[in-house]
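Here is a short tour of one sheet and its strands. Have a look at the sequence and the structure before reading on.

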Amino acid sequence: MKTRTNQILPSLGVSLFSLIAFTPSISFAQPLAQLNNWEFNPKTQKLEISLSATATPQYFYLSQPQRLVLDLPNTKLGKVLTQKEYAGAIQRIRISQLNANVTRIVLDLAPDSKFEAKKVQLQPFSPQKPTRWVFNPYLTFSPANSLLTTPTTTLPPSTNLTTNTQQPLITVPPLNSQTPPAITNSPLPAAMFPTPSDNKNTSPHNLKEIPIIEFGQPLPIQKILDLR
């Protein structure tokens, strides 16, 4: 019995070693990485992330609303800023722990931005130790409100001339009338016209005869003195 037992145990050890070595489904657990830091430059539209261990991010595009999603597998969220807003093609960046092993970074895009998948770059700073990555989506942004518009000149509203019924009615007397008629409802004083009695001294009968002197004749001094 002892001989048989000694023969069986070595054979079992060899079988277990071969099972572990040649079975690809059995693997040792990989340590989780941690997102230590991230930085975004709105001018260059580049996102840089720093991890504590090696991990390979993956990205994809979603529409309605359009956004870019960057998943960090086998990574946990560290003590970093989880949301920040910007002005441009990328309006906001949100970071959260999707599940126990995946950290998700969401880039919310502006409605007028355009995404071209062929130009996207996602690469590590060092291929030998990929713990720092740079993500460049190469977005184009042309907002509708930035287009130049010709200023329009607005004229003031036109005012229609209307008759003011509150003003008093003034009547003008005829020219051949000697006595002016009474003006009703007028704030002005009545017009004064000279009467025939006031013009007695200026009557044509009281005027002296003015001599007619022809051109080149001497002046009749006596007649001029008589006219005074």
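The report below goes through the sheet, its strand pairs and one loop residue.

## The sheet as a whole

In this predicted model, five strands make up an open sheet, arranged in the order E5-E1-E2-E11-E10 with mixed pairing. Strand E5 (75-77) and strand E10 (121-124) each have a single partner strand, so they stand at the edges and one side of each has no neighbour in the sheet. From one strand to the next, the twist averages 30 degrees.

## Strand E1 and its partners

Let's start with strand E1 (residues 33-41), which runs parallel to E5 and is joined to E5 by three bridges. Leu-35 has Leu-77 in E5 as its bridge partner.

With E2, strand E1 pairs in the antiparallel sense over six bridges, and Asn-41 stands opposite Lys-46 in E2. The two strands form a hairpin with four residues between them, and Gln-45 in the turn has a positive phi of about 60 degrees.

## The two faces of E2

In a regular strand, side chains alternate between the two faces of the sheet. Strand E2 (residues 46-51) has Leu-47, Ile-49 and Leu-51 on a covered face, while Lys-46, Glu-48 and Ser-50 lie on an uncovered one.

E2 also pairs with E11, in the antiparallel sense over four bridges. Here Ser-50 is opposite Arg-132 in E11.

## A buried loop residue

Thr-131 sits in the loop between E10 and strand E11 (132-136). Is Thr-131 buried or exposed? Its relative accessibility is 12%, so Thr-131 counts as buried. Apart from neighbours within four places in sequence, Thr-131 is in contact with Ile-49, Ser-50, Leu-51, Ala-53 and Thr-54.

Terms used. Residues numbered from 1 in each chain as written. Predicted model: local features only at pLDDT ≥ 70, side-chain atom pairs only at ≥ 80, totals over all residues. Heavy atoms only, no water. Pairing = 2+ DSSP bridges. Axes fitted to C-alpha atoms, helices over the stretch in contact; angles between N-to-C directions. Buried < 20%, exposed > 50% of the residue type's maximum accessible area, 1.4 Å probe, protein only. Contact = heavy atoms within 4.5 Å.
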